[in-house]
Amino acid sequence: MNFNGHTPNQERSWSRHAARYNDVFLDPYATDVVNPLWQALDAVGDAGAKTAADLGCGTGPLLGPLLGRFRRVVALDFAPGMIERAREQVAEADRARVEFLQRPMDDLADRVGTIDAAVAINSLVMPDVRCIQRTLEAVRACLRPGGVFLGIAPSIDAIQYHTLLLHDQALDHGMEPADAERFAAFHAEHRYYDFAFGRFKFRGLRQKFWHGFELEHRLARAGFRSITVSKVLYPWDDNFAGGAELADCPPSWDWFFRAEP
Ligand SMILES: C[S@@+](CC[C@H](N)C(=O)[O-])C[C@H]1O[C@@H](n2cnc3c(N)ncnc32)[C@H](O)[C@@H]1O
């Protein structure tokens, strides 16, 4: 069967996750997270006269910060349940400055050359890389000259880092090597991941997870330039198995990127 790069039912799966979104996903907007996004948004000159697009806006946590900086905001998501929640986030006084689009992120042909800052926070997660590549090309085309593409992408190597720390922890507690491996694989939830291709499958959701080098590769392939990749740093807290015991280790991360069209 050919779905032309769209994995069926992902809209529905994301909609189902809208209600309990904050229980399941790490929050890059929390105050104890080191997030380069804020500085990158603040660096957009004359933002008060410009348009931002929140691509894969989800329940809308970024809409307030974008409306605080930009004149207009386009909020796009393919999941109706997400768009519904995102609408509720916008204050009455700001409604006229936000345009909601319920559609897939590669469907931007009517927006070519209209966006100054496109932002994709944990939403470049399509399990089919053809769809990701098409999306990156569409995002680049919708940016105005001088525009910028900013995003956060879930890190597959951070899962391997967590595994390493859990493995060491188990060995330090005297476990035999095979038991220590089983302990680490269980608590780092390896059953949900395909490490070779960077994929995650959980309760109907299928998501792409990234290496930093893959972001550089795919952004460059889509024609972006001046690409920089850095880390969003998450403290070891109770969002992570064994988090309390890992508090003194260097933090976990997702990938942050900035690229120009
Ligand atoms: C992990 S959530 C992140 C939501 C939001 N950006 C945030 O920071 O909380 C991913 C969002 O991307 C949306 N999404 C995933 N693939 C998409 C696609 N191909 N087109 C449009 N939206 C998509 C999902 O519906 C979901 O709302």
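Let's start at the ligand, which has 19 residues around it in this predicted model. The closest of them are Tyr29, Gly56, Asp77, Met105 and Ile121. Sorted by character, the shell consists of 13 nonpolar residues, four polar ones and two charged ones.

Several polar atoms of the ligand have partners in the protein. With tyrosine 29, the side chain is involved: one of its N or O atoms sits 2.5 Å from an oxygen atom of the ligand. Glycine 56 takes part through its backbone, where an N or O atom lies 2.7 Å from a ligand nitrogen. Isoleucine 121 also uses a polar backbone atom, and here the distance to a nitrogen atom of the ligand is 2.8 Å. How much of the ligand does the protein cover? Of the 590 Å² of accessible area that the ligand has on its own, 98% is covered.

From here, let's move to the largest nonpolar core, which has 65 residues. The members that touch the most others are Leu124, Phe149 and Phe224. Take leucine 124 as an example: leaving aside residues up to four places away in sequence, it contacts Met105, Ile132, Thr135, Leu136, Phe149, Lys208, Trp210 and Phe257. Met105 may look familiar, as it is also among the residues closest to the ligand.

Finally, have a look at alanine 43, in the loop that runs between α3 (37-42) and β1 (51-55). Is this residue buried or exposed? Alanine 43 counts as exposed because its relative accessibility is 61%, and the cut-off for that label is over 50%. Between the C-alpha atoms of alanine 43 and glycine 147 there are 12 Å in space, while the two residues are 104 residues apart in sequence.

Notes:
Residues are numbered from 1 along each chain as its sequence is written. This is a predicted model: local features need pLDDT of at least 70, side-chain atom pairs count only at pLDDT 80 or more; totals for chains, interfaces and linings use all residues. Side-chain values use heavy atoms; hydrogens and water are left out. A nonpolar core is a set of buried Ala, Val, Leu, Ile, Met, Phe, Trp, Tyr and Cys residues joined through side-chain atoms within 4.5 Å. Buried means under 20% relative accessible area, exposed over 50%, partly exposed in between (1.4 Å probe, protein chains only). Contact means heavy atoms within 4.5 Å. A residue is near a molecule or strand if one of its heavy atoms lies within 4 Å of it. A polar contact is a pair of N or O atoms within 3.5 Å; within protein, one must be able to donate a hydrogen and the other to accept it, and residues adjacent in sequence count only if both atoms are side-chain atoms. Accessible areas come from the Shrake-Rupley method with a 1.4 Å probe; for residues, only the protein chains shown count as cover. Ala, Val, Leu, Ile, Met, Phe, Trp, Tyr, Cys and Pro count as nonpolar, Asp, Glu, Lys and Arg as charged, and the others, Gly among them, as polar. Helices (H or I, at least four residues) and strands (E, at least two) are DSSP runs, numbered from the N terminus.
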